[in-house]
Amino acid sequence: MSVHYPRTTAIAINLDVCNNVYTMQYYLGKRWRAILLITIMVVAAFAAGSGGVAAEQYNDFSKPELTPTIQQQNVVAAGEMKSFDLLIQNRHTGITSMDRQIGDIAQVVQTHRIQVGSATAVTASVDAGDTPLDIRTAQQSLGTIAAGDARKMGLTIEVDQHAQPGVYQLPVKITYGYINSINVDKNDYFINRNTQTVKKHITVRVEKSVRLGVRDVTGADLYKDADGTMTVRVQNTGSEIAQNAELSIVQSEYFNPKSNAVSVGELKPDETATAEFQVGVENVDAAGAYGVNFQLRYEDENGNPEQSLTRTGSVAVSNGPQYKLSTEARAMYVDSIGSVAVTVTNTGERTAPNARAKLSPIEPFALVSTSASLGTLNPGESATARFKLEVSDRAIPQEYPLTVRIIHDDTYGNDVTSDPLSVDVPVGPEKSFAVTNTAAVTAGQTETLRFTIKNTGEGEFRDAVVRVNANSPFETDDDTTYIGMLKPGETTTVSYTVSADGSAAAKTYSLDTSIKYDNAFGETVVSDIQSAPITITASDGGLPVSGIVIAGVVIPIALVAGVVYQTKPFSRLR
């Protein structure tokens, strides 16, 4: 391609490839290259001056020379996919020749930003040809590569799993542009550009190697959160013997190996081996097939430690025991201790050995007992666990959720805990009673008082005793009365001998009354205190209180005076 440029100063430059001169240039040292360049320039100037030629001559001794090389070790293994850095280098030296004034040439080169020996618009692509390799990288554009410079491109190669060891050549096609010549006369000049495609080669070596193949994976007792057994059969599908080989589970999201690096001994090409692992199942929410990764560590035929690529198998994970709960509450009242019976049914298809039910603390309950044994639950079987709970005095009568987890043993005796299960427990109002009548006693008297006790709550009082607390102005020698069973809504009458202080004012007082009873577990419980109203009335007849006081003072004085009078009978005769 030629581009025409008009100009006012006559300059002629011609770039032709001179193979012979280029060959000389390539083998001469830098100093001789410089001498040769100066000599050519002098000869060209002399020829122009003596012959009257109106054009300068500018010769490029070589075209760009692009060479591909792999930067890392060019070694791969059968079945492997590997990425490399492919370097495209321009080995052009930039040595040129011209026949007239270098200043005019420099002006042209500077105007058009010509880089001597540069390759422009470079593209490169690698072809696998008939090799057992697959090139995963498409053609890439590398832009301009100046003389002595280089550009990198990525190269990904996948090796066929049946590739035989050996050295393989891969063709690299490189297309680029460059300036071939510049022709200048008195009025204008031409720049000629060429495009060229070259084919070079790179080499890749496929080594003898061990290749791990996973043939099948089976599981026993593998289910959510349990430890089970995984058995895998592997094969050496490579071309090298694996000595002192160990198989491991690696980078597994769903299986945590509790035993790993299982020895499989020597594994020759095409031979198979079986390994067994204890694994814990993790991050699994449902039954299904889950992937597991394996890797073989071994010594090669030279005794060097090596490891295979990671290979993935698939194993089935089943469902564990499933549970359904029902509850029955007993004596669950506000501010009391009651019990809850939790019946657990195994609705799954797997037996739950040594099953236990465990409660989690939750308001308004305080756990008196937290766990209970259920025994072994086969599919479809049920068992009941009973728990004692204390209900807070801050609770209100309603249903509250209770959180239960079922724990059982897996094949290796480890605990497997179910997801939290929730059941509702009803809490009734606090046990209560009331004294429904008002008793009366006369001041200064001792009388038998009767009180009517009514069970106003929803729970029964069993083996109950009603107790009164007699404070001033009352006294009693019998402060308890046994009433036995008192069911909700029932009433009973209790009696006590009570003395009222004679100086007590006539009005209504109250006695503190409580009920001591046995709860559902035979434990003694005391109810809250209730008031038993009692009225003191004034006594009939006799002196009132003020008269009694006067009599108590006057009569003793009179008696003393009489005694004095009688002890001196003759004093009056004097």
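**View 1. Strands 22 and 23 in an open sheet of the predicted model.** In this predicted model, strand 22 and strand 23 (residues 337–346) run antiparallel and are joined by eight bridges. Within this pairing, Ala329 stands opposite Val340 of strand 23. The two strands belong to an open sheet of four strands, ordered 22-23-27-25, in which the pairing is antiparallel. Strand 22 (323–330) and strand 25 (365–367) each have a single partner strand and stand at the edges, so that one side of each is left without a neighbour in the sheet. From one strand to the next, the twist averages 35°.

**View 2. The aromatic pair of Phe365 and Tyr400****.** The count of aromatic pairs comes to seven, and among them is the edge-to-face pair of Phe365 and Tyr400, with 5.9 Å from centre to centre and 80° between the planes. Phe365 belongs to strand 25 and Tyr400 to strand 28 (residues 398–409), and the pair thereby links distant parts of the chain, 35 residues apart. Phe365 and Tyr400 are both buried.

**View 3. The aromatic pair of Phe461 and Tyr517, with Lys431****.** The ring centres of Phe461 and Tyr517 are 4.9 Å apart and the ring planes stand at 85°, so this pair is edge-to-face. Because Phe461 lies in strand 34 (residues 461–469) and Tyr517 in strand 38 (residues 508–518), the pair ties together parts that are 56 residues apart in sequence. Phe461 and Tyr517 are both buried. The ring of Phe461 also has the charged end of Lys431 sitting over it, 6.0 Å from the ring centre.

Technical notes
Residues are numbered from 1 along each chain as its sequence is written. This is a predicted model: local features need pLDDT of at least 70, side-chain atom pairs count only at pLDDT 80 or more; totals for chains, interfaces and linings use all residues. Side-chain values use heavy atoms; hydrogens and water are left out. Two strands pair if DSSP finds at least two bridges between them. Axes are lines fitted to C-alpha atoms, for helices over the stretch in contact, and angles run from 0 to 180 degrees between N-to-C directions. Rings of Phe, Tyr and Trp (its six-membered ring) pair if their centres lie within 6.5 Å; planes under 30 degrees apart count as stacked, over 60 as edge-to-face and the rest as tilted. Buried means under 20% relative accessible area, exposed over 50%, partly exposed in between (1.4 Å probe, protein chains only). A charge sits over a ring if NZ of Lys or CZ of Arg is within 6 Å of the ring centre and within 35 degrees of the ring normal.
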